[in-house]
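Trainee: I would like a close look at a single part of this protein. Please start from one buried residue, and work outwards from there.

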Amino acid sequence: IFRTLQLLPGIAAGSELSSGLYVRGGSPDQHLILLDGVTVYNPSHLAGFISSFNNDAIKDIRMIKGAFPAEYGGRLSSVLDLTMKEGRKDKLGGKAGISLISSKLTLEGPINENSSFMISGRRFYFDLLLGLITNDAPTYYFYDFNAKANYKLSENDVLYVSGYFARDVFGIDENGSDDISVNWGNSTANMRWMHIVSPELFTNFSLVY
């Protein structure tokens, strides 16, 4: 996702090895990045080389490069608002991908006639491949997990529950014990109730973690 955004007017990449966004001269730490309305503070894996967001789990992207609406508060550079898929309502389906260093899997489908779900996971397993070559190299891998479900309470009410969890894990193992172990990442959750008041008015109430 971030690599694609780097091709848009007014957005540049710091280098070919970075997924960071430089919007009209602003630095990557000056953006507001939202996933289903929840702020994501660390939007990258592998020290900025890979985006934290699995594109198979994303439904919609809104990039605002200036003149931000008041709802987003004060930001210096830009706003990136991402929305996760809500899941198919017709039948169970999925998508899988595998490469030399990572794999990912996405499943979505109906729960019943009033609800649907989507789950998506990704795992970077360079540590397993490196372990086949040598036992002296540092251990590093990352993984992320997206999930979302929605339930139609009535003709005018829908309940959405979504979550995102990601971790980067780095360690140096000497003498059979983890001498150095460092983990970092994101954990977000949002329970949102949408209510249609009239054809001209609707409301959203969210409980965010």
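Mentor: What follows starts at a histidine and its serine partner, then moves along a strand to other parts of the chain.

The model is a predicted one. Its secondary structure comes to two helices and 15 strands. The C-alpha trace spans about 65 × 45 × 30 Å along its principal axes. The protein has 209 residues, and buried residues make up 34% of them. Of the contacts with a separation of 6 or more, 49% are between residues 24 or more positions apart.

The starting point is His31, in strand S3, which covers residues 31-35. Is His31 buried or exposed? Its relative accessibility is 9%, and buried means under 20%, so His31 counts as buried. What do the polar atoms of its side chain meet? One of them lies 2.6 Å from the backbone oxygen of Leu21. The side chain of His31 is also joined to the side chain of Ser78 by a polar contact of 2.7 Å. Leaving out residues up to four places away in sequence, His31 touches Leu21, Val23, Arg75, Ser77 and Ser78. Leu21 and Ser78 therefore appear twice for His31: in the list of residues it touches, and as the places where its side chain has a polar partner, a backbone oxygen in Leu21 and a side chain in Ser78.

Now take the pair from the other end. Ser78 is in strand S8, residues 78-84. Its relative accessible area is 1%, so Ser78 is buried. The polar contact between the side chains of His31 and Ser78 thus has a buried residue at each end, because His31 is at 9% and Ser78 at 1%. Apart from neighbours within four places in sequence, Ser78 is in contact with Val23, Gln30, His31, Leu32, Met63, Ile64, Lys65 and Phe68. Val23 is on this list, and Val23 is also touched by His31.

Further along strand S8 is Leu82. With a relative accessible area of 0%, Leu82 is buried. Its C-alpha atom is 4.6 Å from that of Ile61, a residue 21 places away in sequence. Not counting residues up to four places away, Leu82 touches Ile1, Ile33, Leu34, Leu35, Asp36, Phe53, Ile58, Asp60 and Ile61. Ile33, Leu34 and Leu35 in that list have numbers that fall within strand S3, residues 31-35. Two of the other residues touched by Leu82, Phe53 and Asp36, lead on to other features.

Phe53 leads to the aromatic rings. The count of aromatic pairs comes to eight. In one of them, the ring centres of Phe2 and Phe53 are 5.9 Å apart and the planes are at 45 degrees, so the pair is tilted. Where do these two residues sit in the chain? Phe2 is in helix H1 (residues 2-5), and Phe53 is in the loop between strand S6 (50-51) and strand S7 (58-64), so that the pair links parts of the chain 51 residues apart. Phe2, with a relative accessible area of 4%, is buried. Phe53 also counts as buried, at 3%. Another pair is Tyr141 and Tyr143, with ring centres 6.3 Å apart and planes at 25 degrees, so this pair is stacked. Tyr143 counts as partly exposed, at 29% relative accessibility. Ring pairs also link Phe124, Tyr140, Phe142 and Trp184 into a cluster.

Asp36 leads to the cavity. A search of the whole structure finds one cavity of 30 Å³ or more, and the volume of the largest cavity is about 30 Å³. Asp36, Lys148, Tyr160, Ser162, Asn190 and Arg192 line it. Strand S13 (157-174) and strand S14 (177-198) are the elements that give two or more residues to this lining. By type, the lining residues divide into one nonpolar, two polar and three charged.

For contrast, here is a residue with a high accessibility value. Tyr41 is in the loop between strand S4 (38-39) and strand S5 (44-45). At 73% relative accessibility, Tyr41 counts as exposed. Its C-alpha atom is separated by 35 Å from that of Asn112, 71 residues away along the chain.

Conventions. Residues are numbered from 1 along each chain as its sequence is written. This is a predicted model: local features need pLDDT of at least 70, side-chain atom pairs count only at pLDDT 80 or more; totals for chains, interfaces and linings use all residues. Side-chain values use heavy atoms; hydrogens and water are left out. On a 1 Å grid over the protein atoms alone, a cavity is a set of points where a 1.4 Å probe fits but cannot get out, and a pocket is an open set with protein on both sides within 12 Å along at least five of seven lines; lining residues have an atom within 4 Å of a point. Grid points are joined across faces, edges and corners, and a volume is the space filled by probe spheres set on the points. Helices (H or I, at least four residues) and strands (E, at least two) are DSSP runs, numbered from the N terminus. Ala, Val, Leu, Ile, Met, Phe, Trp, Tyr, Cys and Pro count as nonpolar, Asp, Glu, Lys and Arg as charged, and the others, Gly among them, as polar. Buried means under 20% relative accessible area, exposed over 50%, partly exposed in between (1.4 Å probe, protein chains only). A polar contact is a pair of N or O atoms within 3.5 Å; within protein, one must be able to donate a hydrogen and the other to accept it, and residues adjacent in sequence count only if both atoms are side-chain atoms. Contact means heavy atoms within 4.5 Å. Rings of Phe, Tyr and Trp (its six-membered ring) pair if their centres lie within 6.5 Å; planes under 30 degrees apart count as stacked, over 60 as edge-to-face and the rest as tilted.
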